[in-house]
Amino acid sequence: MDDATQLAEQLLQPLHERYIQHKKDHAASGARTRDGISGAEAAWDVTAMAIPIGVDIMKNAQLENTKDQRETFGMLIKQLSLLPGPHHAFAKQFADGRGDANTAYQLLHSYTCGERTSKRFQKLEIDPHWGKADLENTEELVREAETLVKEVKEKFATIEIISSQEVSKTYQEMRELFGEHGFFGIEENEKAFTLKNGEKLVDMSPAQRTEAQRLLEEKLRELRIVALVERVRSGEINKDDWMLILRVPTITVPAGSGGIYVEEVSEALERAVRTGSGTSRGGSRIVPLTMQTMQEYLAPDMLARGQSKLLYDIGWYRNEAFYTMQQSGNRDTSPESIAASGGVGAMHWQMVTRDVLTDSLYKNHTEQTELVRNSYGIEARRRTPVEIVQDFFLRLRSVGDRTMCKPYKDDWSDVRTARGGFVSVGGGVQIGLRVYADAPLDRHGRLGVSPSY
Amino acid sequence: MSEKKSPELRVVPPAQEVASDTAERAENASIEEYLTRATALREKLQFWQRQGERGLSTLVRGADKDSQNPMADEDIHAQVQALQASIDDAIATLGGLETGLLRSDILQKRFQDAFGREIRSYG
């Protein structure tokens, strides 16, 4: 890192510290930031470009303080826009008067690589420096696994080590139970994410396949799922009302592609992934599965295949965190959260209702949440925008089903935009999925909810 | 004045049942403990699995730099392959163990207790 970049990092540090403090001050107790104040909201507040949360404009001292803060930020931007480094694109946007909450968030995270707070602003280490001790520890882990299995076998004679073939039986059974319109597993993901030229963006290794099947076995042990699957089996509930979906958190793209994504928009996320889990595979790069990466790598292929557009118009949300950063499998959009899960979100299974609940229409966001909790239990949750897009894509590419939900209905997520509205995704006809932000108290005949587990 | 408890409500289990109940709880705790250990171990190993051949090669080369007798490229390659295979095997076995533990009679009984009926096996 050269001096100029180092200086830029130092200049940003006090603002970053204020941001962390501000986020802590306004976070719900013990909860993640999305429950109190989002990262983008907190970042926007510390720039003082608008009146920050908690400031009473009728109190002169507070107002003066905000003005000072805004002036300091303006000076900082002037300095930062002269220095090179990962912050530059974002500082430049502010200098040109184009900065918004999301830009502020990205500016503040341009030197963090996703570690927890205590490790922030450390020098970014892309190439890991592993040594003899690390190798010995890894070999020790393998030995420990053998010992553990032996110990369990000795202690519990009746417990079997279930082979991958057996786990595979469960997988096949679920495939048959939910049918081709309701089961989206390994093969469906691979098929959907294969481009017209034969390139596979999801190509699971044998170990990953076994892991996916094992995860299904695990999912089917959740009490809520056990009950649900039993009711599907007995015919008590219609299997066509539910989908069982394997969520993959990443896709593999050709090296060197997607320059905009890597260099400008999601620098922090890209680095989090790079430092977390290694992203190279035979000249390809592994990138997180976000709405943006889907739009970048898969939407052109849809057009090439005559499947029309994926997203209608990304104009208003192209810089929103739910579009650029929220990854399939992660509820939170912050790089910290993504890094906390080992750099990328984890592969997992999800049970999703195929359509929005009719009863949820014409209800505001809180009323819908109550409805979901009362009817489906507290474990039920809404899908995130990227999950809604992913499910639409999987259905379209695996079974040619382009209907996302009832005509003219949108699935309302609980992910907020920088301005505070909740994102809804719907449509799905030839013009592409439409994405709106709706105020929490809105009630509309097009806004429904698809619960999931 | 507090109301006296009805004698019918105080069910005193026979000594043998208490002992068996305690043993079952101990075994149950132990199964859960093993399950936790197996999951933690698998997750640690999965970190290395995710590194793929390239990452493991960096690991082996890094270790080689620390040693007195540097290895030839072919030996490094062979060690990487062996390490990768042993990690994959260990993860698969741990996964099988976790499933086995989850399917154990004791944990299955929990499902029965929760639903008041037997839950059929998925395997």
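Me: In chain B, what share of the contacts between residues at least 6 apart in sequence join residues at least 24 apart?
Reply: Bear in mind that this is a predicted model. Chain B has 3 helices and 0 strands, and its elements run α-α-α from the N terminus on. Take the contacts in chain B between residues at least 6 apart in sequence, and the share joining residues at least 24 apart is 68%.

Me: And what is that share in chain A?
Reply: Chain A is built with 18 helices and 10 strands. Counting its contacts between residues at least 6 apart in sequence, the part that joins residues at least 24 apart comes to 70%.

Me: How much of chain B counts as buried?
Reply: Chain B exposes about 7,800 Å², and carbon and sulfur atoms supply 50% of that. Out of its 123 residues, the share that counts as buried is 36%.

Me: What about chain A, how much of that one is buried?
Reply: Here the exposed area is about 19,900 Å², with 50% of it supplied by carbon and sulfur atoms. Chain A has 453 residues, and the portion counted as buried is 55%.

Me: Is Leu41(B) buried or exposed?
Reply: Leu41(B) sits in helix α1 of chain B, which covers residues 15-66. Its relative accessible area is 4%. Buried means under 20%, so Leu41(B) is buried.

Me: Which residue of chain B does Leu41(B) touch, leaving out residues up to four places away in sequence?
Reply: Leu41(B) has contacts in chain A, namely Leu141(A), Glu144(A), Ala145(A) and Leu148(A). In chain B, with those sequence neighbours left out, the residue it touches is Leu94(B).

Me: How far apart are the C-alpha atoms of Leu41(B) and Ala90(B)?
Reply: Along the chain, Leu41(B) and Ala90(B) are 49 residues apart. In space, their C-alpha atoms are separated by 9.4 Å.

Me: How do α9(A) and α2(B) lie to each other?
Reply: Helix α9 of chain A spans residues 206-219 and helix α2 of chain B spans residues 73-102; their axes come within 10 Å and cross at roughly 15°. The crossing is left-handed. Angles under 35 degrees count as roughly parallel, so α9(A) and α2(B) are roughly parallel.

Me: How many charged residues are in the contact of α9(A) with α2(B)?
Reply: From α9(A) come Ala207(A), Arg214(A), Glu217(A) and Glu218(A), and they meet Asp88(B), Gly95(B), Glu98(B), Thr99(B) and Leu102(B) of α2(B). Sorted by class, that contact has 2 nonpolar residues and 2 polar ones, while the number of charged residues is 5.

Me: How are α3(A) and α4(A) set against each other?
Reply: In chain A, helix α3 (residues 60-80) packs with helix α4 (residues 88-95) at an angle of about 125°, the axes being 9 Å apart. They make a left-handed crossing. Given that angle, α3(A) and α4(A) are therefore oblique.

Me: How many nonpolar residues does the contact of α3(A) with α4(A) have?
Reply: On the α3(A) side are Phe73(A), Ile77(A) and Leu80(A), and on the α4(A) side are His88(A), Ala91(A), Phe94(A) and Ala95(A). The contact has no charged residues and 1 polar residue, and its nonpolar residues number 6.

Me: Is Gly400(A) buried or exposed?
Reply: Look in chain A for the loop between α18 (385-399) and β7 (410-416), where Gly400(A) is placed. Its C-alpha is 9.7 Å from that of His181(A), although the two are 219 residues apart in sequence. Exposed means over 50% relative accessible area; Gly400(A) has 55%, so Gly400(A) is exposed.

Definitions and conventions:
Residues numbered from 1 in each chain as written. Chains lettered and ligands numbered in written order. Predicted model: local features only at pLDDT ≥ 70, side-chain atom pairs only at ≥ 80, totals over all residues. Heavy atoms only, no water. Axes fitted to C-alpha atoms, helices over the stretch in contact; angles between N-to-C directions. Helix = DSSP H or I, 4+ residues; strand = E, 2+ residues; numbered from the N terminus. Parallel < 35°, antiparallel > 145°, perpendicular 65-115°, else oblique. Left-handed = near helix turned anticlockwise from the far one by under 90°. Contact = heavy atoms within 4.5 Å. Nonpolar A, V, L, I, M, F, W, Y, C, P; charged D, E, K, R; others polar. Buried < 20%, exposed > 50% of the residue type's maximum accessible area, 1.4 Å probe, protein only. Areas by Shrake-Rupley, 256 points an atom, 1.4 Å probe, with all protein chains shown as cover.
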